[in-house]
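Open the model in your viewer and keep the selection panel at hand. We will go stop by stop, picking a selection and reading what is there.

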Protein chains: 2
Amino acid sequence: MELTERKKKVLRSVVDLYIRTAEPVGSKAIAELPDMNYSSATIRNEMSDLTVMGYLEQPHTSAGRVPAAAGYRLYVDELMADYRLSMDETQSINNAIEEKMQRVDKMLEKVAKLVSQATDLPAISAASRYGGATVRRFELIFAGQGSVILVVMLSDEQVLNKLIKLPVQVQQSDLQVLSAVLNATMTGLSPEEFTPELLQRVMEAAGDAGVLVPVIMEFTAETLRGHGNTNMAVAGQMRLLGLPEYQDVGKAQKVMSSLDEEALSNLPAIMQNQNGTKVLVGPENVASELKDTSVVMTKFDIGDGMQGMIGVVGPTRMDYAKITARLSYFAESLSKMFAKPEQPQLPEGKED
Amino acid sequence: MELTERKKKVLRSVVDLYIRTAEPVGSKAIAELPDMNYSSATIRNEMSDLTVMGYLEQPHTSAGRVPAAAGYRLYVDELMADYRLSMDETQSINNAIEEKMQRVDKMLEKVAKLVSQATDLPAISAASRYGGATVRRFELIFAGQGSVILVVMLSDEQVLNKLIKLPVQVQQSDLQVLSAVLNATMTGLSPEEFTPELLQRVMEAAGDAGVLVPVIMEFTAETLRGHGNTNMAVAGQMRLLGLPEYQDVGKAQKVMSSLDEEALSNLPAIMQNQNGTKVLVGPENVASELKDTSVVMTKFDIGDGMQGMIGVVGPTRMDYAKITARLSYFAESLSKMFAKPEQPQLPEGKED
DNA sequence: CTTAGCACTCAAAGTTGCTGAGTGCTAAAT
DNA sequence: ATTTAGCACTCAGCAACTTTGAGTGCTAAG
């Protein structure tokens with residue numbers, strides 16, 4: 001059977017209406033739409049065809065049609081109308097973003113919350129680093145009675161530190177020697193290169209302050225490894241409860257409990273090699289608990305060797321046009337913000 | 001009317017049973033309890049009295065009794081039996097806690113999750129600092145092409161850093177002068193003492209590196225202020241959905257949406273001057289959205305000038321004995337863990 | 001090819017009556 | 001003077017039944 005223009009028009013109308021109402025859509029409702037110049041009987045025939053073709057589904061013998069996954073897919077790919085953000089919407093997104101964001105993890109939490117708020121759906125945000133960082137420079141500061149502060153400067157402009165306490169006294173001069181050795185041997189390495197042999201060599205070269213070496217190496221390796229990882233945040237899971245499809249607490253609970261960082265951790269990975277906005281409709285989702293939900297996600301630029309991603313999880317019936325538009329705008333605004341020269345070093349070495 | 005021993009016994013039984021079943025409790029059910037040596041009619045009379053006295057409530061003319069807020073209060077204060085933790089329970093709490101906890105905010109998230117898991121209810125955790133920290137020492141590290149790393153060591157053993165980029169070149173020697181000036185004039189001060197006059201004086205004394213002073217001062221003041229604040233985390237809000245009282249999505253949503261950091265921010269404050277475990281029953285809660293829930297909370301010791309707090313939010317019908325026991329044990333174990341010499345510097349200067 | 005008309009289906013929303021748990025009161029038993 | 005058995009009464013919850021109305025598929029006429 002061929003997918004005529006009229007069939008597409010009917011399908012689009014059905015999806016649009018279903019997105020608005022969450023109720024099965026009947027032929028009469030479609031026939032009464034403003035620019036639908038056919039009678040309900042004709043629509044009925046078309047809907048019947050669309051059902052056979054797999055774009056629509058019938059919950060019961062007699063009670064309207066509902067879009068099937070394939071229907072949503074087609075809708076997202078070619079049928080849906082562009083959604084134009086209103087001034088109000090762009091305004092409120094911009095206002096929300098305009099704050100300073102201090103640390104990556106806090107930033108992600110904030111962004112997830114904002115996206116969730118802007119879409120009234122659960123949202124996730126993630127940041128991952130492409131290419132591992134290496135140490136550019138070590139610095140040791142003598143901090144009195146057996147304490148030493150280790151400062152590590154990474155290749156991506158981040159600075160980290162650690163307070164090390166020792167049972168033994170170390171001389172200021174020993175520290176100078178050690179820091180020279182560290183800078184000579186342990187910079188520019190990936191965490192895999194921190195082998196026991198290296199440890200051995202550095203300790204021998206370091207002399208009296210050698211006791212510090214194992215702690216330093218462990219801290220550094222761990223930090224570098226941590227920096228290769230993806231950081232993510234989820235927010236607004238509870239917004240699902242506002243939707244008619246989750247009035248059944250059992251269902252809501254099942255879906256919501258699978259909306260945590262672990263279950264969604266594959267989403268950022270999917271985005272890695274994608275560009276623009278990606279929509280996963282229902283069963284296209286990996287996790288089986290999410291087979292009745294859709295995900296819309298997009299990338300943004302953080303700079304400093306990091307790639308950001310924001311996404312929204314909602315019922316398959318979500319307003320793809322609107323959500324996609326808002327998400328894209330969000331991503332654009334975030335990229336702009338991070339590109340601003342005033343705060344070039346977002347993931348700055350600050351903490352509390 | 002007098003609250004006889006028998007009335008107390010009946011009241012306790014009613015609360016116990018209601019906690020278990022979440023269904024209104026009838027006189028017959030009480031009369032059939034193992035060591036209740038009276039007939040249902042007698043119990044009926046007692047229950048009628050307890051209702052008049054405000055300890056019980058009747059949802060409809062004819063359908064069991066339910067504890068009123070005053071009833072829960074009395075139950076918590078004197079009636080409830082001690083709950084003895086099983087080996088399993090202590091074991092699993094200990095296992096959960098035994099990991100290294102790196103940063104305060106991450107630690108709080110983790111603890112909130114663990115408590116929530118251990119009680120199957122939403123949980124909160126918070127850490128606040130008593131007495132503000134001051135700066136013990138400043139250190140400036142030259143980091144090449146117009147970059148300087150500022151390292152600040154606080155009186156509570158924490159170490160923070162910030163990468164500062166400058167449009168102008170600064171000499172290594174200038175940094176030495178500046179750090180001497182900073183250490184001479186800006187240590188041991190509270191954030192309020194960072195006045196414009198001080199800024200003026202330090203900048204004059206600092207010479208060529210004076211351009212750095214405003215940035216340094218702002219960062220320091222902000223950090224110190226941040227350190228006076230309370231940090232908190234909430235987890236497991238969704239667990240409410242498992243409870244019969246929140247099968248109605250509307251209710252669940254209302255309560256859950258008020259379970260965020262903002263709405264609960266007064267709880268840690270309440271604990272400040274309290275000792276041991278504190279229970280807030282229903283209407284005793286401050287937020288009106290929580291008037292049908294109870295809160296159990298307790299303190300624990302973090303060390304390093306910090307006070308921790310964990311709490312659980314649940315229906316007024318929650319199993320106070322069990323929850324209280326688990327929470328106390330949790331707090332005890334956490335205190336012990338933080339007191340362990342192996343990891344004395346928990347909130348260590350590490351970040352990512 | 002389109003549409004009006006009609007018989008058919010079925011979920012949702014009443015309607016009714018029953019059941020059972022629970023109460024309060026009274027009068028008998030202890 | 002308590003305690004308890006007995007009884008009439010109340011009321012939520014459930015199940016069976018009916019009604020309603022939205023929706024369908026098919027057919028025959030436009």
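Select A:Thr293 and expand to its contacts (contact means heavy atoms within 4.5 Å). Leaving out residues up to four places away in sequence, A:Thr293 touches A:Tyr246, A:Val255, A:Leu280, A:Val281, A:Gly282, A:Asn285, A:Val313, A:Gly314, A:Pro315 and A:Thr316. This is a predicted model, in which local features need pLDDT of at least 70 and side-chain atom pairs count only at pLDDT 80 or more, while totals for chains, interfaces and linings use all residues; side-chain values use heavy atoms, with hydrogens and water left out. Residues are numbered from 1 along each chain as its sequence is written, and chains are lettered from A and ligands numbered from 1 in the order in which they are written.

Stay on A:Thr293. The residue lies in strand β9 (residues 293-303) of chain A. Helices (H or I, at least four residues) and strands (E, at least two) are DSSP runs, numbered from the N terminus. Is A:Thr293 buried or exposed? A:Thr293 is buried, because its relative accessible area is 1%. Buried means under 20% relative accessible area, exposed over 50%, and partly exposed in between (1.4 Å probe, protein chains only). Now show polar contacts: pairs of N or O atoms within 3.5 Å; within protein, one must be able to donate a hydrogen and the other to accept it, and residues adjacent in sequence count only if both atoms are side-chain atoms. The side chain of A:Thr293 reaches the backbone oxygen of A:Leu290 at 2.9 Å.

**Next: A:Met306**

Select A:Met306, in strand β10 (residues 306-315) of chain A. A:Met306 is buried too, at a relative accessible area of 4%. Beyond four places in sequence, A:Met306 touches A:Val104, A:Ala127, A:Ser128, A:Arg129 and A:Tyr130. Draw a C-alpha to C-alpha distance from A:Met306 to A:Tyr130: 6.2 Å in space, against 176 residues apart in sequence.

**Zoom out: chain A**

Show all of chain A as a cartoon. Chain A has 12 helices and 10 strands. Colour by domain: domain 1 (5-79), domain 2 (87-130 + 230-338) and domain 3 (135-226). Those bounds come from an automatic or database domain assignment. Taken over C-alpha atoms, the centres of domain 1 and domain 3 of chain A are 66 Å apart.

Now rotate. Along its principal axes, the C-alpha trace of chain A spans about 95 × 40 × 35 Å. The radius of gyration of chain A is 27 Å, where a compact globule of 352 residues would have one near 20 Å. That radius is taken over C-alpha atoms, and the globule rule is 2.2 Å times the number of residues to the power 0.38. Buried residues make up 51% of the 352 residues in chain A. Of the contacts in chain A with a separation of 6 or more, 61% join residues 24 or more positions apart.

**Across to chain B: B:Thr220**

Select B:Thr220, in helix α9 (residues 212-228) of chain B. B:Thr220 counts as buried, because its relative accessibility is 1%. Leaving aside neighbours within four places in sequence, B:Thr220 is in contact with B:Val135, B:Phe138 and B:Phe194.

**DNA strand C**

Select DNA strand C and the residues near it (a heavy atom within 4 Å). Which residues come nearest? Of the 20 residues around DNA strand C, they are A:Arg6, A:Thr42, A:Thr61, B:Ser27 and B:Ser62. Of the strand C atoms within 4 Å of the protein, 72% belong to sugar or phosphate and the rest to bases.

Step through the polar contacts:

- A:Arg6: a polar side-chain atom lies 2.8 Å from a phosphate oxygen of DNA strand C.
- B:Ser27: a side-chain N or O atom is 2.7 Å from a phosphate oxygen of DNA strand C.
- B:Arg44: a polar side-chain atom lies 3.2 Å from a base oxygen of DNA strand C.

The elements giving two or more residues to this surface are α3 (40-52) of chain A and α3 (40-52) of chain B. The largest share, four residues, comes from α3(A).

**DNA strand D**

Switch to DNA strand D. Of the 20 residues around it, A:Ser27, A:Ser62, A:Arg65, B:Arg6 and B:Thr42 come nearest. Sugar and phosphate account for 73% of the strand D atoms that come within 4 Å of the protein.

- A:Gly64: a polar backbone atom is 3.2 Å from a sugar or linking oxygen of DNA strand D.
- B:Thr42: a side-chain N or O atom is 2.7 Å from a phosphate oxygen of DNA strand D.

Finish on α3(B), which gives the most to the surface near DNA strand D, with four residues.
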